[in-house]
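Q: Please take a close look at one helix of this model and at the interior around it. A connected account is wanted, from the helix itself to its surroundings.

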Amino acid sequence: MTYTAPPAFTTRPDLRGTVGMTASTHWLATASAQSVLERGGNAFDAAVAGAFVLHVVEPHLNGPGGDMTAVFATADEPGRPVVLMGQGPAPAAATVEHYRAEGLDLVPGSGALAAAVPGAVDAWLLLLRDHGTWELADVLAYAIGYARDGHPLTARVSETIAAVTDLFAEHWPTSADRWLVDGAPPEPGSLVTNEAYARVLDGLVSAGGAVPVAEEGADPAAGEAARRARVDAARTEWSEGLVARSVDAFVRAPHRHSTGGDHAGVIRASDLAAFRASTEEAATVEFRGHVVAKTGAWGQGPALLQVLAMLEPLPDELLDPSTADGAHTIIEAQKLAMADREAWYGDRDVPLDRLLSPGYAAERRALIGSAASLELRPGDPGGAGVAGRLPMLRTDHETTASGVGEPTVGSFAAVPADDARQPGAEPDVAPTGETRGDTCHIDVVDRWGNIVSATPSGGWLQSSPTIPELGFCLGSRLQMSWLEEGTASTLEPGRRPRTTLTPTLVLRDGQPVAALGSPGGDQQDQWQLLWLLRTLVGGWSPQQAIDAPALHTTAFPGSFWPRTWTPGGVVVEDRLGDDVIAELERRGHVVTRAGDWSLGRLSSVTRDPATGVLGAAANPRGAQAYAAGR
């Protein structure tokens with residue numbers, strides 16, 4: 001049996017060039033970032049410019065009040081993958097006791113009680129300060145222009161606003177003022193501005209003072225130090241100025257949350273002042289001659305590494321997502337890794353070395369059988385019978401399905417869920433503002449070998465009411481924390497919620513060769529896994545892998561409110577084929593067909609260290625993502 005051959009047809013070409021490449025989830029962000037590369041900026045200048053444009057043009061998928069993570073490598077240290085951590089923690093007053101006193105058993109999916117400290121803006125500014133070359137004013141000019149002068153609204157933004165129009169009109173009047181036109185959503189293609197956000201960005205630029213005219217013979221080191229100082233001044237303005245004051249004042253008024261109740265937020269100006277983004281070493285595993293780099297276990301990234309470790313020694317045909325044997329094996333491995341994610345991952349001491357070890361991978365691999373498992377089966381990475389505590393499992397938001405008492409690591413069987421809503425290529429937005437399948441993404445590589453993969457998210461226009469002075473709202477990442485005591489991701493002040501944001505960097509022989517990522521919440525790494533298997537094992541091109549039929553499992557507790565799971569659940573694109581789908585069902589998988597082109601929104605950039613040839617590819621689903629380069 002051989003690996004499925006790639007299709008001859010692709011929806012878009014695999015781009016090739018030597019100057020620079022960008023791929024993102026919106027063409028205006030791609031064009032802006034590519035413009036920076038064309039004007040001599042590096043990959044980090046370009047990524048930051050594109051990211052701030054994403055705040056403006058994809059407000060239903062990310063915003064300044066949200067968060068981000070990135071994995072990057074520099075031309076100076078190509079063999080060192082670094083994580084940029086832009087995930088803010090829970091506010092100081094965000095205690096389990098407070099939420100319980102509000103009558104809640106889950107952190108809401110929308111409203112200010114779901115808000116972690118905004119982390120995205122400070123993280124992007126940190127990247128620009130430490131690895132960029134451009135002045136902040138030049139980098140932000142693209143976003144300021146689109147915010148002040150307007151940009152054509154995509155159909156998906158209009159549809160998202162339509163989904164929450166009643167919420168805005170009845171409960172979030174500031175969002176109605178911001179987004180509704182005569183009480184209705186703006187029409188697709190209409191020119192939309194955000195003057196308030198443009199003023200916020202102007203304030204960041206002004207905080208650093210005017211850039212002096214360069215004089216002949218000036219010391220370059222002094223000029224660079226001054227540039228960095230201007231960026232730091234903007235960071236301080238963000239965390240201690242207008243944004244912090246406005247957030248503090250606004251959230252004190254109770255407002256509607258996804259639970260149907262009205263609550264005040266607990267985030268304060270002091271929470272913003274206390275946060276600073278940071279960098280750290282990436283978590284990695286070796287797979288088929290490559291090193292794959294992800295965030296630490298405060299995010300879900302290592303779950304992908306666990307799957308790769310389980311699949312590494314298997315024959316190629318079992319790593320082929322286009323066949324029943326391969327799809328089944330991949331799904332079962334993902335279930336095991338995601339069960340470990342639920343039991344062990346969080347912003348605390350996680351036994352990651354053991355979770356990623358070959359020995360533990362072998363233990364988990366041995367659990368993959370010929371039939372679909374309908375259980376949640378976390379392992380014991382401590383190796384000494386020490387169990388991670390699981391939350392109560394819910395197949396709908398009113399009942400639990402894991403038995404009684406306080407569950408610990410083990411097997412928990414349940415019945416199929418009644419909740420059939422499954423995230424696809426675009427976010428699934430409820431009238432309450434609850435959102436699944438959110439996020440956007442950007443990848444950039446430059447001629448010098450700098451490369452970055454970043455996934456910004458949160459602060460969606462439907463996350464919480466718009467703060468009028470700012471033109472944006474807070475995020476809802478705290479919904480990924482549990483209100484049950486003793487779990488790996490229990491809500492705790494100062495701790496980061498376990499984020500789903502999970503970009504990927506791939507290296508070979510000490511050089512980065514690919515950056516990739518995808519929106520999609522819990523599905524992000526599952527869709528990226530398919531790309532990795534098809535390119536690294538099957539020899540497919542990046543665009544062929546992006547175009548290929550996708551699938552994912554929902555057989556683990558979701559990260560988004562109301563935190564339900566579907567035992568045995570698998571979501572597939574119909575293009576996987578009737579025969580493969582029927583065989584998955586025969587093996588006991590609970591299959592949901594999602595249409596031909598509905599799952600995955602991957603983008604990627606590549607670099608061949610031997611030749612310097614760069615590449616880019618983007619997702620055709622939704623007709624919005626774009627890759628560009630030369």
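A: In this predicted model, the residues of helix α5 that are buried are Leu136, Val139, Leu140, Tyr142, Ala143, Ile144 and Ala147. These buried residues pack against five helices, namely α1 (27-38), α2 (43-57), α4 (120-131), α9 (195-207) and α10 (220-240).

The helix α5 itself runs over residues 136-149. At 1.5 Å a residue, its 14 residues should span 20 Å, and the end C-alpha atoms lie 19 Å apart, so the two values agree. The helix nevertheless has a kink of about 40°, centred on Tyr142, and Tyr142 is also among the buried residues of α5. Just after α5, Gly150 adopts a positive phi of about 105°.

Two of the helices packed against α5, α2 and α4, lead on to the wider interior. The largest nonpolar core has 88 residues, of which Phe52, Trp124 and Val247 touch the most other members. The greatest contribution to this core comes from α2, with twelve residues. Apart from neighbours within four places in sequence, Trp124 contacts Ala47, Val48, Ala51, Phe52, Met68, Ile442, Ala454 and Pro456. A separate second core, of 68 residues, includes Ala339, Trp344, Leu530 and Ala545.

The interior also contains voids: seven cavities of 30 Å³ or more are found in the whole structure. The second largest has a volume of about 150 Å³. It is lined by 19 residues, and those closest to its centre are His55, Pro59, Trp179, Asn194 and Gly471. Helix α2 appears here as well, since α2 and α8 (173-179) each supply at least two residues of this lining.

How values were computed:
Residues numbered from 1 in each chain as written. Predicted model: local features only at pLDDT ≥ 70, side-chain atom pairs only at ≥ 80, totals over all residues. Heavy atoms only, no water. Helix = DSSP H or I, 4+ residues; strand = E, 2+ residues; numbered from the N terminus. Expected span 1.5 Å × (residues − 1). Bend = angle between axes of the 7 residues up to and from the residue. Buried < 20%, exposed > 50% of the residue type's maximum accessible area, 1.4 Å probe, protein only. Contact = heavy atoms within 4.5 Å. Core = buried A, V, L, I, M, F, W, Y, C linked by side-chain atoms within 4.5 Å. 1 Å grid on protein atoms, 1.4 Å probe; cavity = no way out; pocket = protein on both sides within 12 Å on 5 of 7 lines; lining within 4 Å. Points joined across faces, edges and corners; volume = space filled by probe spheres on them.
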